[in-house]
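Biologist: Please choose one part of this model and look at it closely for me, and then follow its connections outward into the rest of the fold. I am in my first year, so a slow and connected account would help me most.

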Amino acid sequence: SELQPQQEILTFEQYRSLPDYPRAEVFGGQFRYLTATSRIHRAIRSELTERLCSYASQKQEDCEVIPAPFDVVLTKQPLTIVHPDIMVVCNRHKLSGTLCMGTPDFIMEIVSPANAADVYVRKLHCYYEHGVHEYWIVDPKRRSVSVNYFKGNLFHVPYTFDSIIKVNLFDDLYINFSNIATFLIYKEPCA
């Protein structure tokens, strides 16, 4: 087999000079394009974002809920930039324009066929290493939610889409995933 040329290590300045589309993430300086998300993926992200935003505004939490696309710079050396589907940042000093400089408190990723390995392996390890407190993996195909709580005692709890799941970042926020499961049923597009 032929040897593949090594990809150049990307710097933060080079990344910022790239066009906005297509979207990309960077792990250890290695550039990776992101694929377009499905209609179901976007519907689930929108619904979960709305539930988190509604809670944060009702409770007057000093946290900001931000859906993708939004650059999260975890490190500049080596450069690691991700685009979580949904994140919650409770230290607003980390936010500037279209950037989060540092680790969000809560991240939720929705699995698509093209990103499963990244979400379950690469990002799980990356978010743990960079100090994310809570990381949820929402998998529409498996109808499962994997809650990884990295703050304090590390734990991983698997749930199904018929579960009511507590968001550990907040005192009394629970998300009923049986309501989210309704987005998995095919609906005719608007005429």
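Modeller: Let us begin with helix α3, in which R122 and D118 both lie, four residues apart, or about one turn of the helix. Please keep in mind throughout that this is a predicted model. R122 and D118 form a salt bridge, with their closest N and O atoms 2.9 Å apart. The two partners are not equally covered: D118 counts as buried because its relative accessible area is 13%, under the 20% cut-off, whereas R122 counts as partly exposed because its value of 32% falls between 20% and 50%.

The neighbouring position in the sequence, K123, leads away from the helix. The side chains of K123 and E25 meet in a salt bridge, at 2.8 Å from N to O. This pair links distant parts of the chain, for K123 belongs to helix α3 (residues 116-129) and E25 to strand β1 (residues 24-27), 98 residues apart. Both K123 and E25 are buried.

K123 has another acidic partner as well, since its side chain also meets that of E109 in a salt bridge, here at 3.0 Å from N to O. Again distant parts of the chain are linked, with E109 in strand β9 and K123 in helix α3, 14 residues apart. E109 counts as buried because its relative accessible area is 2%, and K123 does so because its own value is 4%. Taken together, E25, E109 and K123 are linked in a network of salt bridges. For the structure as a whole, the search finds 11 salt bridges.

E109 has brought us to a strand, and the next step is the sheet. Six strands form an open sheet in the order β3-β6-β9-β10-β11-β12, and their pairing is mixed. The strands at its edges are β3 (64-67) and β12 (155-160), and because each has a single partner strand, one side of each is left without a neighbour in the sheet. From one strand to the next, the twist averages 15°. Within this order, β9 and β10 pair in the parallel sense over five bridges, and in β10 the bridge partner of F106 is E134. Helix α3 packs on the sheet, where it touches β9, β10 and β11, and its direction makes about 170° with that of β10.

From the sheet we can turn to the nonpolar residues. The largest nonpolar core has 26 residues, and those with the most contacts inside it are L48, L52, W136, V138 and F177. Several elements supply at least two residues each, namely α2 (39-58), β6 (86-89), β9 (106-110), β10 (134-139), β11 (144-149) and α4 (177-180). The largest share, five residues, comes from α2. To see what such a residue touches, take L48: leaving aside residues up to four places away in sequence, L48 is in contact with I86, M108, V138, I175, F177 and I180. Apart from this core lies another one, of 19 residues, including I66, C100, Y135 and I137.

The aromatic side chains are the last layer of this picture. When two rings are paired if their centres lie within 6.5 Å, the count comes to eight aromatic pairs. In one of them, the rings of Y127 and Y135 have centres 4.8 Å apart and planes at 85°, so the pair is edge-to-face. Y127 counts as buried because its relative accessibility is 0%, and Y135 is likewise buried because its relative accessible area is 0%. In another pair, the rings of F161 and F177 have centres 5.4 Å apart and planes at 45°, so this arrangement is called tilted. This pair links distant parts of the chain, since F161 sits in the loop between β12 and β13 (164-166) and F177 in helix α4, 16 residues apart. F161 and F177 are both buried. Finally, F106, W136, F161 and F177 form one aromatic cluster, in which you will recognise F106 as the bridge partner of E134, and W136 and F177 as residues listed among those with the most contacts inside the largest core.

Note on methods: Residues numbered from 1 in each chain as written. Predicted model: local features only at pLDDT ≥ 70, side-chain atom pairs only at ≥ 80, totals over all residues. Heavy atoms only, no water. Core = buried A, V, L, I, M, F, W, Y, C linked by side-chain atoms within 4.5 Å. Buried < 20%, exposed > 50% of the residue type's maximum accessible area, 1.4 Å probe, protein only. Contact = heavy atoms within 4.5 Å. Salt bridge = Lys/Arg side-chain N within 4 Å of Asp/Glu carboxyl O. Pairing = 2+ DSSP bridges. Axes fitted to C-alpha atoms, helices over the stretch in contact; angles between N-to-C directions. Phe/Tyr/Trp six-rings, centres within 6.5 Å; stacked < 30°, edge-to-face > 60°.
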